[in-house]
Amino acid sequence: MKSTRPLMAAIALTAALSAAGILSARAANVIDDWANIQAAPPPTLQPVTVDAKTTALLMLDFLHSNCNSEHGKRCIASLPIAKKLLDEARANHLLVVYSAYGKNTEKDIWDQVAPTGGEPFVVSFLDKFIGTDLNKILKDKGIKTVIVVGSAANGAAFGTASGAAQRGYSVIVPVDGISSDNLFAEQSAVWNMANAPVISSKITLTTVDMMKF
Amino acid sequence: MRQSWLVCGIGILAAALLSGATPPAARAANVIDDWANIKAAPPPALQSVTVDPKTTALLMLDFTHPICNEKTKPRCVASLPAMKKLLAEARDNHVMVVFSTAGNQTPKDIWADIAPAPGEPVVNSHANKFQNTDLEKILKDKGIKTVIVTGVNANGAVLYTASEAAFLGFKVIDPINGSSAENEYIEQYVVYNFAHAPLISSMVTLTTSDMIKF
């Protein structure tokens, strides 16, 4: 019994220090601790009712070059979901804006989620507000809220959702409409949108089926 | 035998269909449903860095008492001695240093150990410190091509300022022991994002403050 006392005292001390937050200071950097780090709890999804007049749907980078069976399987799996959302948005006369990156054009977008005549299309990397007139396109139509879907979750979707939030838009992100074949990257993009300083206050996470028009 | 070949053939065909040769009908689950089963990707490698003092600036973001304190961000307070050392080395080598604050904070809210010296610029903005400030001009006027980004929050000022710097064409050095958040999960995915996110990853070098040489 005696010999367990120091151990018990050490455990009690450790618990007390942990509770005081003292042990959470870094002993090592995050790379050293990597394998022991647990994901934070998942964010809560919310039902959303969309105001058709002031909301735009952003369909980001649903391109054959990044959304394919080699390195975009989850993106391909999200296409029917994105198409359902697109059909609902068009039926409710929402503004729909499409994007690509690099040298891709509108023709590189998957047919089932491709723009029809007159729907705006912008080209940029990641944050589609940078180097495009996306902000003007939205402001000219009185848009206050954007729905963001596309790939990659940690690229165009995260970059553009963050860019929109920082420009004062409310942002709706159906998590089943954004994707990355790297699940850790998709998970962290979703968690960050729900928790990052400044932007998270503007972002609502949902699913396509939880959205009403 | 014939029958088994037929079954085998159907099996191969089904496997080919399911494996993504054609689009699967729908995703079985979303990332929230899969949450508990997702494992961290492998850690990125850290690199030693030698910086050019003439074209490099050190950004020290939001090391202010309201953001960086024992109560809410003990990991930030723990990073201060290493940041003080890095700041001293940068000044010794005449590297430009820029500070930031957020919200209604002033330069007086920055920890005294690493506070701006007279003449060192301080910008004020949320998250992305290039937004609504003249940070880009401050850097470009001095011919800066590379920024060392340190600060808190890792998923706020550091993530968004480093990302914007990369968008604007600056090379970014991230000493990971200088980017802190309220928990290690945040720091982990920010570091991972710098190493793997499209475009940004090609502009960011991950290191530690001790691995930076001037």
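In the predicted model, the secondary structure of chain A consists of six helices and nine strands. Chain B likewise contains six helices and nine strands. Of the 213 residues in chain A, 44% are buried, and in chain B, with 214 residues, 44% also count as buried. Contacts distant in sequence are prominent within each chain by count: in chain A, 75% of the contacts with a separation of 6 or more involve residues 24 or more positions apart. The corresponding share in chain B, among contacts between residues at least 6 apart in sequence, is 74% for residues at least 24 apart.

An example of such long-range packing is provided by A:I172, which is situated in strand β6 (residues 170-174) of chain A. Its C-alpha atom is separated by 7.4 Å from that of A:T145, although the two residues are 27 residues apart along the chain. When residues up to four places away in sequence are set aside, A:I172 touches A:V48, A:T145, A:I147, A:T204 and A:T206. A:I172 counts as buried because 23 C-beta neighbours lie inside 10 Å, where 20 or more are required.

The two chains meet at an interface in which 49 residues of chain B are in contact with 49 residues of chain A. On the chain B side, the elements that contribute two or more residues are α1 (2-21), α2 (31-34), α3 (74-92), α5 (154-167) and α6 (184-196). The largest share of this side, nine residues, is supplied by α6(B). Classified by residue type, the side of chain B that touches chain A comprises 27 nonpolar, 15 polar and seven charged residues. The size of an interface is often expressed as the accessible area lost when the parts come together; the description here rests instead on residues in contact, 49 from chain B and 49 from chain A.

Backbone geometry was examined next. Most residues other than glycine have a negative phi, and most peptide bonds are trans. In chain A, the peptide bond from A:S151 to A:A152 is cis, with omega near 5 degrees. A:A152 is located in the loop between β5 (145-151) and α5 (153-166) of chain A. In chain B, a cis peptide bond runs from B:V152 to B:N153, again with omega near 5 degrees. B:N153 belongs to the loop between β5 (146-152) and α5 of chain B, and α5 of chain B (154-167) is one of the elements that give two or more residues to the side touching chain A.

Positive phi values in residues other than glycine include those of A:L126 and B:N132. For A:L126, phi is near 55 degrees, and the residue is placed in the loop between β4 (121-123) and α4 (134-140) of chain A. A:L126 is buried, because 26 other C-beta atoms lie within 10 Å and the threshold is 20 or more. For B:N132, phi is near 60 degrees, and this residue lies in the loop between β4 (122-124) and α4 (135-141) of chain B. B:N132 has 12 other C-beta atoms within 10 Å and is therefore exposed, the limit for that class being 12 or fewer. Thus, of these two loop residues with positive phi, A:L126 is buried, whereas B:N132 is exposed.

Definitions and conventions: Residues numbered from 1 in each chain as written. Chains lettered and ligands numbered in written order. Predicted model: local features only at pLDDT ≥ 70, side-chain atom pairs only at ≥ 80, totals over all residues. Contact = placed C-beta atoms within 7 Å. Helix = DSSP H or I, 4+ residues; strand = E, 2+ residues; numbered from the N terminus. Nonpolar A, V, L, I, M, F, W, Y, C, P; charged D, E, K, R; others polar.
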